[in-house]
Amino acid sequence: LFRSLAAIGSVAMMFRYSFNLENAALAIENAIDKVLKIGYRTKDLVINGQKCVGTKEMTNEVMKKIDMTKNVVKSNGRETNKKQVYWLLEAMAFGTS
């Protein structure tokens, strides 16, 4: 079983610690929080009353909730855009199913 939220969280840490892109990391972490508050869970985390989804669907739900205003995040002279964040998340979710 692929732990999609842990992997997505590691992408946030990569943006924060490797690329010094704090805003991109926060956008991903906030998206994870939103999806969990709605009640989505993968099989390894589901409890009664929560919606059990697969890893691809979980990743898609997190991607839908990423809020990167102006589509570009700048931090310490570096920038990334929503498309780059999506590409990393898709590569993780769809490359490991």
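A residue counts as buried when its relative accessible area is under 20%. Keep that cut-off in mind as you look around this predicted model: of the 97 residues in the protein chain, 37% count as buried.

**Stop 1: the whole chain**

Start by colouring the chain by secondary structure. You should find 4 helices and 4 strands. Walk along the sequence and the pattern reads α-α-β-β-α-β-β-α. Now think about contacts between residues with a separation of 6 or more: residues 24 or more positions apart account for 55% of those in the protein chain.

**Stop 2: α1 against α2**

Select α1 (4-18) and α2 (22-38). How far apart are their axes, and at what angle do the helices pack? The axes are 7 Å apart, and the angle is about 160°. That angle is over the 145 degrees needed to count as roughly antiparallel, so α1 is roughly antiparallel to α2. The crossing of α1 past α2 is left-handed.

Show side chains where the two helices meet. On the α1 side, pick L5, I8, G9, V11, A12, F15 and R16; on the α2 side, pick E22, A24, A25, L26, I28, E29, I32 and L36. Sorted by class, this contact holds 11 nonpolar residues, 1 polar and 3 charged.

Two C-alpha distances are worth drawing here. Join I28 to V11: the pair sits 17 residues apart in sequence and 8.1 Å apart in space. Then join S10 to A25, which are 15 residues apart in sequence, with 9.4 Å between them in space. S10 is in helix α1, and with a relative accessibility of 36% it counts as partly exposed.

**Stop 3: the loop at N20**

Slide along to the loop between α1 and α2, where you'll find N20. What is there to notice about its backbone? N20 has a positive phi of about 55°, although it is not a glycine. For background, most residues other than glycine have a negative phi. N20 is partly exposed, too, at a relative accessible area of 37%.

**Stop 4: α3 and its two neighbours**

Next, select α3 (55-65) and bring back α1. The axes of this pair come within 9 Å and cross at roughly 40°. Angles from 35 to 65 degrees fall outside the parallel and perpendicular classes, and α1 and α3 are therefore oblique to each other. α1 passes α3 in a right-handed crossing. To see the contact itself, show S4, L5 and I8 in α1 together with T55, M58, T59 and V62 in α3. This set divides into 4 nonpolar and 3 polar residues, with no charged ones.

Swap α1 for α2 and look again. The axes of α2 and α3 come within 8 Å, crossing at roughly 120°, and α2 passes α3 in a right-handed crossing. The residues to show are A31, I32, K34, V35 and I38 from α2, and M58, E61, V62 and K65 from α3. Here the classes come out as 6 nonpolar, no polar and 3 charged.

Stay on M58 for a moment. Leaving out residues up to four places away in sequence, M58 touches S4, L5, V35, Y40, R41, T42 and V53.

**Stop 5: the nonpolar core**

In soluble globular proteins, nonpolar side chains tend to be buried together. Which residues touch the most other members of the largest nonpolar core here? Of its 21 residues, select F15, I28, M58, V62, I66 and L89. The elements giving two or more residues to this core are α1, α2, α3 and α4 (82-94). The largest share, 7 residues, comes from α2.

**Last stop: I28**

Finish by zooming in on I28, which is found in helix α2. Is I28 buried or exposed? At 0% relative accessibility, I28 counts as buried. Show what surrounds this residue, setting aside its neighbours within four places in sequence: I28 is in contact with I8, V11, A12, F15, I66 and V85. Among those partners, F15 and I66 may ring a bell from the core stop, as both are in the group that touches the most other core members.

Terms used:
Residues numbered from 1 in each chain as written. Predicted model: local features only at pLDDT ≥ 70, side-chain atom pairs only at ≥ 80, totals over all residues. Heavy atoms only, no water. Core = buried A, V, L, I, M, F, W, Y, C linked by side-chain atoms within 4.5 Å. Buried < 20%, exposed > 50% of the residue type's maximum accessible area, 1.4 Å probe, protein only. Contact = heavy atoms within 4.5 Å. Axes fitted to C-alpha atoms, helices over the stretch in contact; angles between N-to-C directions. Parallel < 35°, antiparallel > 145°, perpendicular 65-115°, else oblique. Left-handed = near helix turned anticlockwise from the far one by under 90°. Nonpolar A, V, L, I, M, F, W, Y, C, P; charged D, E, K, R; others polar.
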